[in-house]
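Reader: Please take me through one part of this model up close. I would like to look at the salt bridges, and then at what lies around them.

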Amino acid sequence: MTTIAIVGDAGVNPLHDEFRTVDGRDPAYPPGMPKPVRIALPRTPDAEAALAELREGPLGDPKPGTLYAVAGTRLLIYAPPGEPGVLEDRAHGTGTASSAGGRTIGSSPESLIVVVPGTRDSSYDWLARQRWIDVASTSVYAIRTTEQCAGAAGARALHADGGLLFSSSGNAYDYYEALSIPNGLPEVYQVGGVDRTGRTWLLPRPEENEPLFALGNVVRPYETGARYSFPAASPDGRTGTQPFGGTSGATPTVAGYAAELVAEARRLLKATGPRTATALAVRRPGTALPRRGPLADGDFTRDELVALLHNSAMPAETAPRRYLLEGFGATDKRSHQLALAVLRGQTASPDRDADREVHVQAERLREQLTSRC
């Protein structure tokens, strides 16, 4: 099992079936995880009444610095100091969490999901110390004159410790999101939204029919993108969906695919985790290794994960414009199957050297633009 942190969202709907375990029991928790405070879900069938009951408990007024576990689900909730409860403003947080780890909707349907509210330094500082968390995703940003660098130190600390934070590169009306902190840091992995063909939406091309997402995504460059218009878990009930997407949906979707690659690497290496400062998975002694691919040397590192996502992404454009317009390409079910085949040593990694050269230049630019932090 792998663990995905959803960072910066105000709330989540813990009642939704998308987060429940298959057998209704508590999941197995990873080594190194602090013991959580267990929260039982109300038994009342009425969702509105159940949410009202939850508001009267610890989730409505959480104790700062406490990790909570929602019984019978794969949901964990950390309460950073200075942040409100996690039952309000649930639409965005429920959408992002289900995009990554929803049982039928998410790209990593068996992962643990850790909701970490807030964009303050305390959220990222805590995250950077949790090696039992494998990857993290944030699609919330805020440009404040007094907090322009909030989260930068924590995101860099996570990166230095071998972790990986996925961040949204912005929608059409969010021109500065790609350069805001922590999204603009070269240490994070930027994700954009793409249409069903795998391309960035550009004027005057029409886009998918959902009016909410008609603007699409035009901020570049990003590393890879995921389809940005799809259903996600409803914020109010135990079942049902809401229209969702944008880079808020694309980013956790890619993070979920990354978590699945980590899980497969651990299965092949017979590793249990947690990650170390140098590797996401390390071979158990005596385990047979693939003859080629990233696992041939007996471990799976953060940089190998990033390269695997880059190289397997499905490009929509042709060089030399491809990277500048589409990043490395679309991350989807097809690219995920290719990444798994490369990871297992069943096929060679595609050659993406030309795109990588442009990507390195983009990273240097991001480093210059965020050097103030």
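Author: Arg366 and Glu363 sit three residues apart in helix H9, so about one helical turn separates them. Their side chains meet in a salt bridge, with N and O 2.6 Å apart. Both residues are buried. Keep in mind that this is a predicted model.

Helix H9 covers residues 353–369 and also holds Asp355. The side chain of Asp355 meets that of Arg322 in another salt bridge, at 2.9 Å from N to O. Arg322 belongs to helix H7, residues 322–326, so this pair ties together parts that are 33 residues apart in sequence. Are these two partners buried or exposed? Asp355 has a relative accessible area of 3%, so Asp355 is buried. Arg322 has 16%, and since buried means under 20%, Arg322 is buried as well.

Now take a pair from another region. Arg90 forms a salt bridge with Asp236, and the closest N and O atoms are 2.7 Å apart. This pair links distant parts of the chain, 146 residues apart. Arg90 is in helix H2, while Asp236 is in the loop between strand S10 (229–233) and strand S11 (241–245). Arg90 counts as buried because its relative accessibility is 10%. Asp236 has a relative accessible area of 45%, so Asp236 is partly exposed.

Some salt bridges join up. Arg131, Asp161 and Arg275 are linked in a network of them. The count for the model comes to 15 salt bridges.

Arg90 leads on to the sheet. The sheet is open and has nine strands, in the order S2-S3-S4-S5-S1-S6-S7-S8-S9. The pairing is mixed. Strand S2 (37–39) and strand S9 (224–227) are the edge strands, and each pairs on one side only. From one strand to the next, the twist averages 30°. Helix H2, residues 90–101, packs on this sheet. Helix H2 touches strand S1 (3–7) and strand S5 (112–116), and its direction makes about 160° with that of S1.

Look next at one pair of strands. Strand S7 (residues 165–168) and strand S8 (residues 189–194) run parallel, joined by three bridges. Ser168 stands opposite Val191 in S8. Strands of a sheet pair through backbone hydrogen bonds. Helix H5, residues 246–269, lies across both S7 and S8, along with S1, strand S6 (135–138) and S9. Helix H5 runs at about 120° to S8.

Definitions and conventions. Residues are numbered from 1 along each chain as its sequence is written. This is a predicted model: local features need pLDDT of at least 70, side-chain atom pairs count only at pLDDT 80 or more; totals for chains, interfaces and linings use all residues. Side-chain values use heavy atoms; hydrogens and water are left out. Two strands pair if DSSP finds at least two bridges between them. Helices (H or I, at least four residues) and strands (E, at least two) are DSSP runs, numbered from the N terminus. Axes are lines fitted to C-alpha atoms, for helices over the stretch in contact, and angles run from 0 to 180 degrees between N-to-C directions. Contact means heavy atoms within 4.5 Å. A salt bridge is a side-chain nitrogen of Lys or Arg within 4 Å of a carboxyl oxygen of Asp or Glu. Buried means under 20% relative accessible area, exposed over 50%, partly exposed in between (1.4 Å probe, protein chains only).
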